[in-house]
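I opened a new notebook page for this structure. I wanted to know how its parts pack against each other.

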Amino acid sequence: MDALLPLTTFLFVASITPGPNNLMLAASGAGFGFRRTVPHMLGVSAGFALLLLACGLGIGALLTRNAAAATAIKLAGTAYLLYLAWMLRGRRPLGGGGPSEGGDAHARPMSFLGALAFQFANPKAWLMGVTGASMFLPDLGGGLAALGLLCLVGCAVNLPCITTWAMLGSAIRGMLRDNRWQRRVSGTMVALTLYAATAIWI
């Protein structure tokens, strides 16, 4: 159990720092509000737990060591981030608000299943999963009990971290009624999203 503190610290730092999930949740919180972003948050957390399970069973290591599979994951993650950056340009994040406010009337927050599935195309999530499983699973004692503990701790740490980003986005939602702030926030989110897409390949 001596590995719990280092594991928790690793997961906290990896979960709280900017990445595809956090940027998307901040944008969703700003565009749709916190309550409508909750299924997205829960999907991220559940998907991360499943990804940790896969990494603990050795699937993650096999994928990341296979050059073609690793490249495919990066390409999928990059493509989604570029799509997200395109959606964020010049409007309230993720089309928040009605047509009269410059948003997309058909925009919807990401669903639970959509967010869950995205974890398997998210290179940062794979890196967190593979690193967490390889570094800490042996120190937890190995076996199914240790794997279950890894997934449980992963959820317990990840969910509050990503919730912080959704709350941050929701907190600035009122500012977006001002067109000047809307442009500034939108431009910043686009720049951060493009950075995240680039950082995948660094």
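These are my entries, from the whole chain down to single residues.

**Entry 1: the whole chain**

I noted that this is a predicted model. I looked up the secondary structure and found 9 helices and 0 strands. Read from the N terminus, the elements run α-α-α-α-α-α-α-α-α. I then checked burial. The protein chain has 202 residues, and 46% of them are buried. Next came the contacts between residues at least 6 apart in sequence. Of these, 83% join residues at least 24 apart.

**Entry 2: α3 against α7**

I moved on to pairs of helices. Two packed helices are described by the angle between their axes and the distance between the axes. I looked up both values for each pair.

Helix α3 covers residues 34-56, and helix α7 covers residues 123-136. Their axes come within 8 Å and cross at roughly 50°. Are they parallel or oblique? Angles under 35 degrees count as roughly parallel, and 65 to 115 as roughly perpendicular. α3 and α7 are therefore oblique to each other. I also noted the hand: α3 passes α7 in a right-handed crossing. On the α3 side, the contact is made by Phe48, Leu51, Leu52, Cys55 and Gly56. On the α7 side, Ala125, Trp126, Met128, Gly129, Val130 and Ala133 take part. I sorted the residues of this contact by type. There are 9 nonpolar, 2 polar and no charged.

**Entry 3: two residues of α7**

I picked Trp126 and Ala133 from that contact.

Trp126 lies in helix α7. Is Trp126 buried or exposed? Its relative accessible area is 5%, so Trp126 is buried. I then took the C-alpha distance from Trp126 to Cys55. The two are 8.0 Å apart in space, yet 71 residues apart in sequence.

Ala133 is also placed in helix α7. Ala133 is buried, with a relative accessible area of 7%. I looked up Leu52 as its partner. The C-alpha atoms of Ala133 and Leu52 are separated by 7.0 Å, and the residues are 81 apart along the chain. I then set aside the neighbours of Ala133 within four places in sequence. That left Cys55, Gly56, Pro138 and Leu150 in contact with Ala133.

**Entry 4: aromatic pairs**

How many aromatic pairs does the structure hold? I found 2.

One joins Phe10 and Phe136. The ring centres are 5.8 Å apart and the planes stand at 40°, so the pair is tilted. Phe10 lies in helix α1, residues 4-16, and Phe136 in helix α7. The pair therefore ties together parts that are 126 residues apart in sequence. I checked Phe136 for burial. Phe136 is buried, at a relative accessible area of 7%.

The other pair joins Phe120 and Trp126. The centres of these rings lie 6.0 Å apart and the planes are at 75°, so this pair is edge-to-face. I had already found Trp126 to be buried. Phe120 is partly exposed, with a relative accessible area of 32%.

**Entry 5: α1 against α8**

I turned to helix α8. The axes of α1 and α8 come within 9 Å and cross at roughly 35°. The crossing is right-handed. From α1, the contact uses Leu4, Leu7, Thr8, Leu11, Phe12, Ser15 and Ile16. From α8, the residues include Leu149, Leu150, Val153 and Gly154. Trp165 of α8 is also among them. By type, I noted 11 nonpolar, 5 polar and no charged residues in the contact.

**Entry 6: α2 against α8**

Helix α2 spans residues 20-32, and helix α8 spans residues 143-171. Their axes come within 6 Å and cross at roughly 35°. α2 passes α8 in a right-handed crossing. Which residues make the contact? α2 gives Asn22, Leu25, Ala26, Gly29 and Ala30. α8 gives Ile162, Trp165, Ala166, Gly169 and Ser170. The contact divides into 6 nonpolar, 4 polar and no charged residues.

**Entry 7: Met24**

I ended with one residue of helix α2, Met24. Met24 is buried, with a relative accessible area of 1%. I measured nothing by hand; I looked up the C-alpha separation from Met24 to Thr37, which is 10.0 Å. The two residues are 13 apart along the chain.

Note on methods. Residues numbered from 1 in each chain as written. Predicted model: local features only at pLDDT ≥ 70, side-chain atom pairs only at ≥ 80, totals over all residues. Heavy atoms only, no water. Axes fitted to C-alpha atoms, helices over the stretch in contact; angles between N-to-C directions. Helix = DSSP H or I, 4+ residues; strand = E, 2+ residues; numbered from the N terminus. Parallel < 35°, antiparallel > 145°, perpendicular 65-115°, else oblique. Left-handed = near helix turned anticlockwise from the far one by under 90°. Contact = heavy atoms within 4.5 Å. Nonpolar A, V, L, I, M, F, W, Y, C, P; charged D, E, K, R; others polar. Phe/Tyr/Trp six-rings, centres within 6.5 Å; stacked < 30°, edge-to-face > 60°. Buried < 20%, exposed > 50% of the residue type's maximum accessible area, 1.4 Å probe, protein only.
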